[in-house]
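User: Could you take a close look at one part of this model for me? I'd like to understand the charged side chains and where they sit.

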Amino acid sequence: GSGAVTATLAGSTLSITGTYEGLASAATQAKIRKSTKPGVRGNAVFDLQVSGGTSGTISGRLDLTPAQVQELAAGRYYVQLHSEKAAEGNLWGWLQPPENRR
């Protein structure tokens, strides 16, 4: 399967929207997880809404603390989508700040 999410931070409110498709079994849940450092799996910290099915949508709106905003900027958060046949996670996507452009 594949998927994509967009994360938008407005003040301390993080909004997540995304889609996924091509899973071998129906999606069951999606979570934002916090890593100890980028690229390393971590613990679940927020639940997201997932539409279910082998293709669908992911969404959520979360209020972050100042420390969580800093962790987000440091690349410590990622979205993990679980499915019936992949209870430990089917898709992962790291939340990265946009590149600085001049």
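Analyst: Happy to! Let's begin with Lys31, which is buried, with a relative accessible area of 16%. Please keep in mind that this is a predicted model. The partner of Lys31 is Asp47: the two form a salt bridge, with their closest N and O atoms 2.5 Å apart. Asp47, by contrast, is exposed, at a relative accessible area of 52%. Along the chain the two are 16 residues apart, Lys31 in strand 3 and Asp47 in strand 4.

How do those strands fit together? Strand 3 (residues 27–34) pairs with strand 4 (residues 43–50) in the antiparallel sense, over five bridges. Within that pairing, Lys31 stands opposite Asp47. Stepping back, seven strands make up an open, antiparallel sheet in the order 1-2-5-4-3-6-7. Its edge strands are strand 1 (2–10) and strand 7 (86–94). Helix 1 (residues 66–73) packs on this sheet, and strand 3 and strand 4 are among the strands touched.

That helix brings us to the other charged residues. Glu71 forms a salt bridge with Lys34, the closest N and O atoms being 3.2 Å apart. Since Glu71 lies in helix 1 and Lys34 in strand 3, the pair ties together parts 37 residues apart in sequence. Glu71 is buried, with a relative accessible area of 15%, whereas Lys34 is partly exposed at 28%. Glu71 also forms a salt bridge with Arg76, where the closest N and O atoms are 4.0 Å apart; Arg76 is partly exposed, at 21%. Lys34, Glu71 and Arg76 are thus linked in a network of salt bridges, and the model's count comes to three salt bridges.

Key
Residues numbered from 1 in each chain as written. Predicted model: local features only at pLDDT ≥ 70, side-chain atom pairs only at ≥ 80, totals over all residues. Heavy atoms only, no water. Pairing = 2+ DSSP bridges. Helix = DSSP H or I, 4+ residues; strand = E, 2+ residues; numbered from the N terminus. Contact = heavy atoms within 4.5 Å. Axes fitted to C-alpha atoms, helices over the stretch in contact; angles between N-to-C directions. Salt bridge = Lys/Arg side-chain N within 4 Å of Asp/Glu carboxyl O. Buried < 20%, exposed > 50% of the residue type's maximum accessible area, 1.4 Å probe, protein only.
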